[in-house]
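Here's a walk through one protein model, written for someone who would rather be at the bench. Have the sequence and the 3D view open, and we'll go through a helix, some backbone angles and the empty spaces.

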Amino acid sequence: MASKQLRTFTREEVGKHNKDDDLWIIIDSKVYDITRFKGLHPGGISVLLDSEIAGQDATEAFYSLHRHEVLEKPQYQRLVIGTIEGEKSKIHGRIPGELSKVPYAEPTWLSAGYHSPYYSENHRQFQKAVRRFFDEVVHPDALAREDDGKRPSQDVIDKMAQLNLHAMRMGPGKHLKGRVLMNGLVKPEEFDYFHELIITQEFARASMRGYGDGLLGGKVIGLPPVLNFGSEELKARIVPDILDGKKFICLAISEAQAGSDVMGLQTTARKTEDGQHWIINGTKKWITNGTFADYFTVGCRTDDGFTVILVERGEGVETKQIKTSYSSTAGTAFITFDNVKVPVGNTLGEEGGGIFVILSNFNHERWVMCCASARSQRTIVEECLQWTNQRKVFGKPLHSQAVIRSKLAAMISRAESAQSWLENITYQMNNMSYKQQASKLAGPIALLKSYSTRAGQETARDAVQVFGGRGITKTGMGKFIEHYHRTVPFDALLGGAEDVLADLGVRQALRGMPKDARL
């Protein structure tokens, strides 16, 4: 369909259209005929007929109440009849792939004029491609699924599979061999943890919190035990379909009786008399992606202690959705295993050696959460900086208030410190074996995760204060603040409760104390 031809007007011409039956306004140099719309305006007719708006420039008034995306909706685009002579629009919406120019809205390595020892030119090109994909493909689906509560669209999962993003979200490793990554942008043998960090952070930026987990967050934590401890036969049979987005997997550890206390789990696995199968009984709770998973990486009590077993959905496996304030898109489930028969060949690692399987898996899981937490906080910083710059109070921008600047300073400091600590740990991961990471980084990653999620909750609270009532409203100007404030407490629980992880980090440090250390 041909685009609408727009006329040009002077501001004086627009000013003549200021009556009930002939009403125009100017927003960002565009002229809107709202004569027919005035009766549909949520704020009522009187607001539009105000002498300071009718026939006048309503840009400041509009952006004090609405997000730019409102103007991009088709029903409002149809109201545009022209532009102001000699003027151009200065405000634009989200451009796919574009870096934000708002200070601190991007990590330092992406900010103009700054440098980093960690990222190569390949990382930078990779980031551009990943951001464009997530902006164009993932972001629209995230908003739609947040509204209707359904799981992420299979179409998005398939498009991610085409680029091998599912495989890359598992980090570097043999599972990438022979795969074309991001249309050949990075070679499998050159893919490192900074590439994965980029994926996770761009995902967090473009997504919604529950949707992010729903888009195969269960795979990110449920598949590594299979990759690292499963038999070659088991991996050959199930991994390709999972990495291609055709089958889904989740990590089933937590129970109603035991959350962070992994050794307190009550789900049992007993061998059959012939020793060829496990019989599993028990329940699991708060399992991400559990409602639609085909495979379950399950922690069980066995005669030898604690064992991890891969269970395939089938007879005796039942999943039920758990309703949370977080989001139904994540597919959070309560799972019942009732005399489920599983081949012994599905054992991951050694029998009785499950604690090593899970603890080594926790490092990567928590690191991924740190990546997402740091980036999500930065998004809130960007929202708050923009809002305090355009919101007027007592005739001045909101940031003219010292108390507001103090909150902004604290938010920025938390986001920057989390990112810097994260990048240092990521560098260590790139230069350590999997076994070294398990022994040396468990404590630092636990401390970073505890710090990041605590910082996120403080930022969420400050952001609500900055946005006021808008910060607790699910739609409109503060919708992302409300969403973050509502969902950020989950980050403090997933992967190990905040306080438990802080204690873990300190205990590991104390174990390394030299015996001759004295003041």
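Which residue just after α6 takes a positive phi? That's Asn164, with a phi of about 65°. Keep in mind throughout that this is a predicted model.

**Helix α6 and its surroundings**

Let's stay with α6, which runs over residues 154-162. Its buried residues are Val156, Ile157, Met160 and Ala161. Why do these four count as lying on the same side of α6? Because they cover an arc of only 140° around the axis. As for what they touch, the buried residues of α6 pack against α5, α7 (165-168), α9 (209-214) and α12 (232-243).

**Two more positive phi values**

Asn164 has company further along the chain. Trp286 has a phi near 65°, which is a positive value in a residue other than glycine. You'll find Trp286 in strand β8, residues 277-287. Asn289 is another non-glycine residue with a positive phi, this one near 70°. Asn289 sits in the loop between β8 and β9 (295-302).

Is Asn289 buried or exposed? Asn289 counts as buried, because its relative accessibility is 1% and the cut-off for buried is under 20%. Trp286, on the other hand, is partly exposed, with a relative accessible area of 42%.

**The empty spaces**

Now for the holes. There is one cavity of 30 Å³ or more, and the largest cavity holds about 50 Å³ of space. Its lining is made of Glu106, Pro107, Trp109, Leu110, Gln127, Arg131, Leu197, Ile198, Gln201, Glu202 and Arg375. Two elements, α5 (121-148) and α8 (193-206), give two or more residues to that lining.

The second largest pocket has 36 lining residues, and those nearest its centre are His66, Arg67, Val70, Lys73 and Gly476. The elements giving two or more residues to this pocket's lining are β3 (22-27), α2 (45-48), α3 (59-63), α5 and α17 (479-491). So that you have the two spaces side by side, here is a small table.

| Space | Volume | Lining make-up | Top contributor |
|---|---|---|---|
| Largest cavity | about 50 Å³ | five nonpolar, two polar, four charged residues | α8, four residues |
| Second largest pocket | about 910 Å³ | 21 nonpolar, six polar, nine charged residues | α17, five residues |

Helix α5 turns up in several places: it is packed against by the buried residues of α6, it gives two or more residues to the lining of the largest cavity, and it does likewise for the second largest pocket.

**Domains and a long-range pair**

Stepping back, the domain assignment gives domain 1 (7-84), domain 2 (110-215), domain 3 (246-351) and domain 4 (361-512). How far apart do the C-alpha centres of domain 1 and domain 3 lie? The distance between those two centres is 57 Å.

One last stop is Val506, in helix α18 (residues 498-511). Val506 is partly exposed, with a relative accessible area of 43%. In sequence, Val506 and Leu447 are 59 residues apart. In space, their C-alpha atoms are 8.0 Å apart.

Definitions and conventions. Residues numbered from 1 in each chain as written. Predicted model: local features only at pLDDT ≥ 70, side-chain atom pairs only at ≥ 80, totals over all residues. Heavy atoms only, no water. Domains from an automatic or database assignment. 1 Å grid on protein atoms, 1.4 Å probe; cavity = no way out; pocket = protein on both sides within 12 Å on 5 of 7 lines; lining within 4 Å. Points joined across faces, edges and corners; volume = space filled by probe spheres on them. Nonpolar A, V, L, I, M, F, W, Y, C, P; charged D, E, K, R; others polar. Buried < 20%, exposed > 50% of the residue type's maximum accessible area, 1.4 Å probe, protein only. Arc of directions from axis to C-beta. Contact = heavy atoms within 4.5 Å.
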